[in-house]
Amino acid sequence: MFMVSMDGTIVNVILPTISKEFNIEPSSTSGINVGYLVSLAVFLPVAGWLGDRFGTKKIFLMALGVFTAASLLCGVANNLQTLNLFRILQGAGGGVLTPVGMAILFRTFPAEERPKVSRSLVLPIAFAPAIGPIIGGFFAEQLSWRWAFYINVPFGIIVLLFGLLFLKEHKEPATGRLDLPGFLLSAVGFSMLMYALNIGPSKGWSSPVIMYTGFVGFVCVCSFVLIELRVNKPMLDLRLLNDRLFRTLGIISLFSMAGLLGLLFVFPLMYQNATNATPLESGLATFPEALGLMVASRMMPWTSKKLSINQVIWIGLLLTTMIFSLISIVGPTANSWFLRVLLFSVGLCLGHTVVAVQFSTFTNITSASMGRATTLFNVQNRIGSAFGVAILASILGAVGNGLVETSGGEPFNLVSYQLALFGSVVFLIIALLFALSLRKEDFKAVISKQVTPKPSHIEPVIRGRE
C-alpha cells in the first residue's frame with residue numbers, strides 16, 4: 001500500500017528529466033501521471049467485489065504481481081508510448097491492491113486492536129505521498145529517473161513471497177455476480193472525471209475536450225450512483241453510507257485528503273519557484289510534515305486517553321487549519337526553520353485526525369461488508385485528493401497578479417500561491433464543520449470494543465497459572 005501511494009507523487013519531480021531523455025516537450029509527459037491515476041480510478045470500485053468473489057489473498061497477490069511487473073517495465077521503457085502503457089498497467093494493479101489490502105487488515109484485527117493498525121496505516125495514507133517527491137528528486141539528480149520505478153521491484157517480490165506463505169484466503173459466499181452495468185458506468189465515469197480533474201488546470205476548463213470529458217464523466221457517475229442504489233448486489237455498496245458514523249468520517253477524510261494533498265502539491269512548487277531550489281530541495285522542505293505524522297501516530301494512545309475521539313478529530317482539524325493559514329500568510333521566503341516547524345506541526349495535528357478517523361470509520365461495518373466498505377472509503381479519498389489538487393492548480397493558473405522578486409531576481413507570482421493555500425484551508429474548514437457534528441456518544445461502540453478484553457487473550461494465562 002505504501003508503494004502504491006508513493007507512486008502517485010514520486011513521478012511528479014522526474015517528469016522534466018524524462019522529457020529531456022526522450023527529447024519531447026515537458027507538457028507531453030503529463031500522460032505518465034494521468035494514465036496511472038485514471039487506471040487507478042477505473043479499478044478501485046471493482047476491487048471489493050473481486051476480493052470477495054475470488055478471495056482476498058489471491059486477488060491481493062495478483063494485483064501486487066501486476067504492480068511489481070509493471071514497475072519493472074516502466075523502468076526499462078525506451079519511449080513515451082510504452083511508458084504510458086506500463087503506467088496504466090501499474091495503476092490497474094494499484095487500484096485493486098489498496099482496498100483489498102485494507103480489507104484484509106480490518107478483517108484480521110478485531111476492533112480493539114484497530115487503533116494500532118490505524119497508526120501503521122498513516123505510513124501508506126499520508127507519509128508515502130510526502131516522501132515520494134524526495135525519493136524521486138534524489139533518483140533524478142543522483143542516479144536515474146528509472147530508479148523511481150525499479151525501487152518497487154525488490155519490495156514487491158519480498159511481499160509476494162511473504163503473502164504466499166502467510167496470508168490466509170477469505171471469500172464471501174453471498175457475493176453474487178458482477179454488477180456489469182455498474183462496472184461499465186464507473187469505469188467510464190471515474191476515468192473521464194479523473195482525466196478532467198488532472199488535465200483541466202493545465203489545458204483550461206473551457207477547453208472542449210475538458211468540458212466534454214468532465215460532463216460525460218459526471219453524468220456517468222451520477223447514473224452509476226442511481227444504479228448502485230437499486231440493484232441487490234451492487235459493486236460499490238453506497239447503502240453503507242446510511243451508517244452515520246461511516247458517512248461523516250468518510251466526508252471528513254475526503255476533505256482532509258483534499259487539503260493535505262493540496263498543500264503537498266502547492267508548497268513545493270511555491271518554495272521551488274521562490275528560492276530557485278532543486279526538486280530534491282523542495283521535497284525536503286515539506287519532509288517535516290511527514291515526520292510530524294509519524295510522531296502523531298505514536299502519540300495517539302496517550303492523546304486518546306486524555307481526550308475523546310471526537311475531540312481528537314476536531315481539535316486536530318482546527319489547529320491544522322490555523323497552521324495552513326499561517327503558512328499561506330508568511331510565504332516561502334520566511335525563515336526556513338520556522339517553515340519546517342510549521343510543516344512539522346501540520347503533520348502532528350492532522351496526523352491525529354487521520355489516525356482517529358481511520359480506526360473509527362469501520363466500527364459498525366460487518367466482516368461481510370468490509371471489502372465493499374474499504375473500497376468505498378478509498379474511492380472517496382482518491383476523488384478528494386484529485387479534486388483538491390485540481391482546484392488549487394486552477395487557482396494558481398487563474399490569478400495573475402502580486403509579482404515579487406525571487407532570490408534570483410526573477411518575478412514570482414506570490415499571491416496565486418497564497419490564494420491556492422487558502423483554498424486548502426477551505427477544504428479543512430469543511431471537514432471541521434462535519435467533525436463538530438460528531439458527539440462523544442457516536443463513538444461508544446469504538447470505546448466499548450477497545451476496553452472489553454477478549455476471552456481468547458486471557459484464557460491462556462489462566463490455564464498457565466492453573
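This tour moves through a predicted model, one selection at a time.

**The whole chain**

Begin with the entire chain displayed as a cartoon. The secondary structure amounts to 18 helices and two strands. The chain has 466 residues, and 55% of them count as buried. Among contacts between residues at least 6 apart in sequence, 81% join residues at least 24 apart.

**The largest nonpolar core**

Next, select Leu83, Ile252, Phe267, Ile313 and Leu317. These residues belong to the largest nonpolar core, which has 76 residues, and they touch the most other members. Which helix gives the most to this core? The answer is α11, residues 244-275, with 14 residues. The core also draws at least three residues from each of domain 1 (1-170) and domain 3 (236-450).

Apart from this core lies another one, of 51 residues. To find part of this other core, select Ala41, Leu50, Leu238 and Ala373, which are among its members.

Now return to Phe267 and show its side chain. Leaving aside neighbours within four places in sequence, what is Phe267 in contact with? Its partners are Ala285, Thr286, Ile327, Leu339 and Leu343.

**Helix α11 and helix α16**

Select residues 244-275 for α11 and residues 414-436 for α16, then hide the rest. Two packed helices are described by the angle between their axes and the distance between the axes. The axes of α11 and α16 come within 8 Å and cross at roughly 165°. Because angles over 145 degrees count as roughly antiparallel, α11 is roughly antiparallel to α16. The crossing in which α11 passes α16 is left-handed.

Show the side chains where the two helices meet. On α11, the residues to display include Thr248, Ile251, Phe255, Ala258, Val266 and Asn273. On α16, those that they meet include Leu414, Tyr417, Leu421, Phe427, Ile430 and Phe434.

**Helix α11 and helix α14**

Keep α11 in view and replace α16 with α14, residues 336-361. These two helices pack at an angle of about 155°, with their axes 10 Å apart. Thus α11 is roughly antiparallel to α14. Their crossing is left-handed. Phe267 appears again here, as one of the α11 residues that make the contact, and others include Leu245, Leu249, Met257 and Leu260. On α14, the contact includes Leu339, Leu343, Val346, Leu350 and Val354.

**Helix α4 and helix α8**

Move to another pair by selecting residues 56-76 for α4 and residues 152-166 for α8. How far apart are the axes of α4 and α8? They are 9 Å apart, and the helices pack at an angle of about 160°. This angle makes α4 roughly antiparallel to α8. Once more the crossing is left-handed, as α4 passes α8. Among the α4 residues in the contact are Lys57, Leu61, Gly65, Phe67 and Leu72. Among those of α8 are Asn152, Val153, Gly156, Ile157 and Leu164.

**Three single residues**

Select Gly48, which lies in helix α3 (residues 30-54). Is Gly48 buried or exposed? Its relative accessibility is 4%, and so it counts as buried. Add Met370 to the selection: Gly48 and Met370 are 322 residues apart in sequence, yet 8.3 Å apart in space, C-alpha to C-alpha. Beyond its neighbours within four places in sequence, Gly48 is in contact with Gly371, Arg372 and Thr375.

Select Trp147 next, in helix α7 (residues 147-150). Trp147 has a relative accessible area of 42% and is therefore partly exposed. Add Ile135, which is 12 residues from Trp147 along the chain; their C-alpha atoms are separated by 9.4 Å.

Finally, select Ser437. Where is the place of Ser437? It is in the loop between α16 and α17 (444-451). At 31% relative accessibility, Ser437 counts as partly exposed. Adding Trp314 gives the last pair: Ser437 and Trp314 are 123 residues apart along the chain, with their C-alpha atoms separated by 9.5 Å.

Methods
Residues are numbered from 1 along each chain as its sequence is written. This is a predicted model: local features need pLDDT of at least 70, side-chain atom pairs count only at pLDDT 80 or more; totals for chains, interfaces and linings use all residues. Side-chain values use heavy atoms; hydrogens and water are left out. A nonpolar core is a set of buried Ala, Val, Leu, Ile, Met, Phe, Trp, Tyr and Cys residues joined through side-chain atoms within 4.5 Å. Buried means under 20% relative accessible area, exposed over 50%, partly exposed in between (1.4 Å probe, protein chains only). Helices (H or I, at least four residues) and strands (E, at least two) are DSSP runs, numbered from the N terminus. Domain bounds come from an automatic or database domain assignment. Contact means heavy atoms within 4.5 Å. Axes are lines fitted to C-alpha atoms, for helices over the stretch in contact, and angles run from 0 to 180 degrees between N-to-C directions. Angles under 35 degrees count as roughly parallel, over 145 as roughly antiparallel, 65 to 115 as roughly perpendicular and the rest as oblique. A crossing is left-handed if the near helix is turned anticlockwise from the far one by less than a right angle, and right-handed if clockwise.
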